[in-house]
Amino acid sequence: MLLFAFACLKLIPVSVRYQLEEESAHLDEMPLMMSEEGFENDESDYHTLPRARITRRRRGEWFVCGGWKFLCSSCCDWLINICQRKKELKSRTVWLGCPEKCEEKHPRNSIKNQKYNVFTFLPGVLYEQFKFFLNLYFLVVSCSQFVPALKIGYLYTYWAPLGFVLAVTVMREAIDEFRRFQRDKEVNSQLYSKLTVRGKVQVKSSDIQVGDLIIVEKAPGTEPGSPAWQNQRIPSDMVFLRTSEKAGSCFVRTDQLDGETDWKLKVAVSCTQRLPAVGDLFSINAYVYAQKPQLDIHSFEGTFTRADTDPPIRESLGIENTLWASTVVASGTVIGVVIYTGKETRSVMNTSNPKNKRRLCEPQTSVGSGLHAPGPSRCHLPRVGHACGVDSGAVLSGGVQAERSARKDGLFMAQCDPEWRHDGATFSESRTCQVGLLDLELNQLTKALFLALVALSVVMVTLQGFVGPWYRNLFRFLLLFSYIIPISLRVNLDMGKAAYGWMIMRDQCIPGAVVRTSTIPEELGRLVYLLTDKTGTLTQNEMIFKRLHLGTVSYGTDTMDEIQSHVINSYSQMHSQASGSNTSSIPPRKTQSSAHKVRKSVSSRIHEAVKAVALCHNVTPVYEGRAGVSGASDHAEADQDFSDESRTYQASSPDEVALVQWTQSAGLTLVSRDLASMQLRTPSGQVLTYCVLQMFPFTSESKRMGVIVKDESTAEITLYMKGADSAMAPIVQYNDWLEEECGNMAREGLRTLVVAKKSLTEEQYQDFESRYNQAKLSLHDRALKVAAVVESLERDLELLCLTGVEDQLQKDVRPTLEMLRNAGIKIWMLTGDKLETATCIAKSSHLVSRTQDIHIFRPVTSRGEAHLELNAFRRKHDCALVISGDSLEVCLKYYEHEFVELARQCPAVVCCRCSPTQKARIVRLLQRHTGKRTCAIGDGGNDVSMIQAADCGIGIEGKEGKQASLAADFSIKQFRHLGRLLVVHGRNSYKRSAALGQFVLHRGLIISTMQAVFSSVFYFASVPLYQGFLMVGYATIYTMFPVFSLVLDQDVKPEMAMLYPELYKDLTKGRSLSFKTFLIWVLISIYQGGVLMYGALLLFESEFVRVVLISFTALLLTELLMVALTVRTWHWLMVVAELLSLACYAASLAVLNEYFGIGRVSFGAFLDVAFVPTVAFLWKVSAITVLSCLPLYVLKCVTRRLAPPSYSKLSP
């Protein structure tokens, strides 16, 4: 083992040096400059930052600064890799219906979320509880009471709490494990239809293999537009072979992959679609060649080959021929051949393992127990609801996890548990640890208290002179002072957290709020970064057509009726002229007057613009009346029902649907469409048919789309194109208004599209088609050659119009974002949408203020380009950043630290074209580089990775389903509720938890101080001051209710906190719970403990035998008085708690009188009840209590007068 460790130590500098050389290759002499002075002295694009020297300097300190940790982790990783080698992913050849022909073994199409088996369950659960030091400490303390020489109290005072929480933990974990087993079994047993030579057979999801032919149907009775989780999901990644739709295509929903609720059009392989019957799939000899499994859900390269023909039929396969796992078939019945299963599917590969939000000291929240429950993973199910509050994922004060094991990650498969998420996620266990900030701070304080415990015990033994068996006395002192670390700390805090969760769910201003992780509500009060999705979170994902600009005239929502009248007039004239003579469809203009010429010119331009918008899109009409059959299934005929009531539109973008719906309102209605044609209905009811010759889909590179159509009535061939102004401006004819109007619409928050056309002759189109087909058959640089051919056609286009579409924002998004900014929270918007759209929404939502500049990070593909662009961005100050996911990847690969340092200075950051894994990576990036608390909010399945990676995840129940809501720590209905959730409930939760935690620590410190004074007076004897039930009752029935009532305290009213969100800023500094405040409470405890014990000894010298009664009574009154002096806003329950504690103590004086004497019961030291009501007893106890509290109250008043807190300035 030593040789292995030495080998690892020798290898590590080599890897560090290799990484340094790789990162510094050919750019080390000109790395990115990160200081202002460099730009002042040198204005070149490259500047000098001693990055390599820093790395080399760190190499010298490598072992001292944590290299030993890296060495240990390297050894563990090496052993794990030896035991569990990862299989290399390879491309594959898949024969149709013949899984036995697969050359390699592929993973099973099943999931397993169980953590233990029969043999590892009990050891595993106990290990999870006692692997932390403080848990083990309490176990050792309890076990020590079996040793007669160390026994200082009754066994039940130690073992009853520990045994109770262990029993609860084991039972709860057993229940959770059994539920996981049942869910896994249910998910893996979901039945699908498999096509075999003998016909259809039912097969379990877990038994599906690569090469199987799987039939997936649209759910019976499910109409278009229904929620995705009602449909049967595709169980694995497949190539689309056949469909029941006559057009050879179908719609699928991909909302769980990319977050888009709109339907995508998928095309079956033409060779298999043309087969006469389904059974003919087994009569051909065909295979699919598929690339190796990869992350990208937007691309696929493969080929379909039918080998039993001469020559073999080969067909290229692309993304349009695939059916990814977790998508939903929305029309017809599909047959696909499985190419990837299990962990090799796109959805699982894009699933980042969620971090278990483990907490150092996890609680059991049984109010009646007053104990700590070391605990298992939490497992919330929608069917169980949130009534669990805080689960038994608890620990004694040292910590174990409360895993979000029921909320797994982000992209979803068909092996989904409907009980869990309605639409089911791919689950995976994770063992990484995420510690809440408040828990981390309290853990540090308990470590400091443990050191104080050891130091105090050593001091007592030293003053004793190390006489006799001093080591036994040392251990006895450790046991006597063990109350310095209060065993009730966790239960008080977590009962408080359960109360905070209840308050959130009961808040009438946040209707429908659900607290799914009630163990971390204080995290809501410490947030610095908010990472939000766009579609469905900031916006309603509902597009509305707002503006049409023709260059000389602009039409808004209030003048849309004019457009309709122009379209009606135009088509009525065309119809009348067509019925009179078979002349041109364009009305003649020569006989019109001058005024009429202008009017007709505008009418003609509007007609051309509306027709272009109605033809240039990827929208397909779907008729709900025909179950399972879309409007694209059949060619429209004259007698076909095209009623508007039964029609809905589906497209890959809601913008497209909004534009087509607008043309329908203008009088030109899209009634039918398939792969080869589309039909429009004019205001007069005439149906116009257009042949679709070519389609050029939108891509992030081209930023435009186009279509070539042929009018069947006139045989005119026209190219229509639309796209972003930046992409369309260079290819349209000269104009002087496009740039200005695009800027005007963008400032209004509208999403703009430029529409243009070009008329083609038959010869021009034939020439283009031959070149285009030849480019598509190219084996090398196919994409570049196709783009070049298309660009040769995209020249000198006639500019028709500029459209403006508004994505409606959620209600009160603007004031909510402003409130969060004033609260000191930096907001990052992470979206998978286009750059232009994201920028538009950032402006319209006021995420970026109107006065702020926006730096759009240009696309970069290499280190040099990233270097130049970062330097250009470095020169700008106080500007928002907009960057695409591809450029972000390049920057993070080479300049991660520099990029984060620049981005964190921006008032707002917008990341567009982000994949789910990128979103989660950005969250972790901020956590790692800033050390600040992050919050992620989203509404779709593609946001789950981000939500679970954040310190605090918030889900919105939206149109994309409940997957984000169920995966989050907190669920709300609308984005506007986030403001109150953070600045009111988050602030109160953190401040109350900080006050409650420190008060419980004070309660343990003061009684330990009294024990130290008592032992000192008795010549450092290790004799307990309070025995048996007094110690248990002190932390429970005597003081628990008043101390716990602090969860109802508040410094300002909720309305004031909403009005002044700046109060939230103070929380991020951690001043409510810090070493400074901890030391103050330590000094207070030492002072009060000393006064109480010495006062009892001095004033009751003649009644020395009653010192236990005297000191304990004064201690209890001091605690109740300190609670009363701490409270800032009284609640009637606080008064009840104070009176109840006094009543319980008074009653116990008569029942537990044997505990109030010096020494043990066998010595005959019993309480004289008649002594209690005497005047001497009452005034002396009152004097001791006042002396312990009054100076502190006076000091507190003076401090508040000289340095008042910020909230006190707002109090009336």
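Two strands are taken to pair if DSSP finds at least two bridges between them. On this basis, an open sheet of six strands appears in the predicted model. Its order is β3-β2-β4-β13-β5-β11, and its pairing is antiparallel. The edges are held by β3 (199–204) and β11 (322–323). Each has a single partner strand, so one side of each is left without a neighbour in the sheet.

Within this sheet, β13 pairs with both β4 and β5. Strand β4 (residues 213–217) meets strand β13 (residues 333–340) over five bridges, in the antiparallel sense. Ile 215 has Ile 335 of β13 as its bridge partner. Leu 213 is matched in the same way with Val 337 of β13. Strand β5 (residues 237–243) is joined to β13 by six bridges, and these two strands also run antiparallel. Here Met 238 stands opposite Val 338 of β13. Strand β13 is mostly covered, with seven of its eight residues buried.

A further open sheet contains four strands, in the order β1-β8-β9-β10. Its pairing is antiparallel. Strands β1 (92–95) and β10 (313–317) stand at the edges. Each of the two has a single partner strand, so one side of each lacks a neighbour in the sheet. Neighbouring strands of this sheet are turned by 20 degrees against each other on average, direction ignored. Strand β1 is joined to strand β8 (residues 286–290) by four bridges, and the two run antiparallel. Val 94 has Val 288 in β8 as its bridge partner. In a regular strand the side chains alternate between the two faces of the sheet.

Aromatic side chains were examined next. A pair of aromatic rings is described by the distance of the centres and the angle of the planes. The count comes to 18 aromatic pairs. One of them joins Phe 477 and Phe 481. Their ring centres lie 5.8 Å apart and their planes meet at 15 degrees. Planes under 30 degrees apart count as stacked, so the pair is stacked. Both Phe 477 and Phe 481 are buried. Elsewhere, ring pairs link Phe 696, Tyr 765, Phe 768 and Tyr 772 into a cluster. Trp 95 carries a charge over its ring: Lys 101 lies over the face of Trp 95, at 4.6 Å from the ring centre.

Attention then turned to Ala 1124. This residue lies in helix α35 (residues 1107–1126). Its relative accessible area is 22%. Buried means under 20% and exposed over 50%, so Ala 1124 is partly exposed. Not counting residues up to four places away in sequence, Ala 1124 touches Trp 1130 and Glu 1138. Met 1134 is 10 residues from Ala 1124 along the chain. The C-alpha atoms of Ala 1124 and Met 1134 are separated by 8.6 Å.

The protein as a whole has 37 helices and 33 strands. Of its 1212 residues, 56% count as buried. Its accessible surface comes to about 51,000 Å², and 59% of this belongs to carbon and sulfur atoms. Among contacts with a separation of 6 or more, 74% are made by residues 24 or more positions apart.

Methods
Residues are numbered from 1 along each chain as its sequence is written. This is a predicted model: local features need pLDDT of at least 70, side-chain atom pairs count only at pLDDT 80 or more; totals for chains, interfaces and linings use all residues. Side-chain values use heavy atoms; hydrogens and water are left out. Axes are lines fitted to C-alpha atoms, for helices over the stretch in contact, and angles run from 0 to 180 degrees between N-to-C directions. Rings of Phe, Tyr and Trp (its six-membered ring) pair if their centres lie within 6.5 Å; planes under 30 degrees apart count as stacked, over 60 as edge-to-face and the rest as tilted. Buried means under 20% relative accessible area, exposed over 50%, partly exposed in between (1.4 Å probe, protein chains only). A charge sits over a ring if NZ of Lys or CZ of Arg is within 6 Å of the ring centre and within 35 degrees of the ring normal. Contact means heavy atoms within 4.5 Å. Accessible areas come from the Shrake-Rupley method with a 1.4 Å probe; for residues, only the protein chains shown count as cover.
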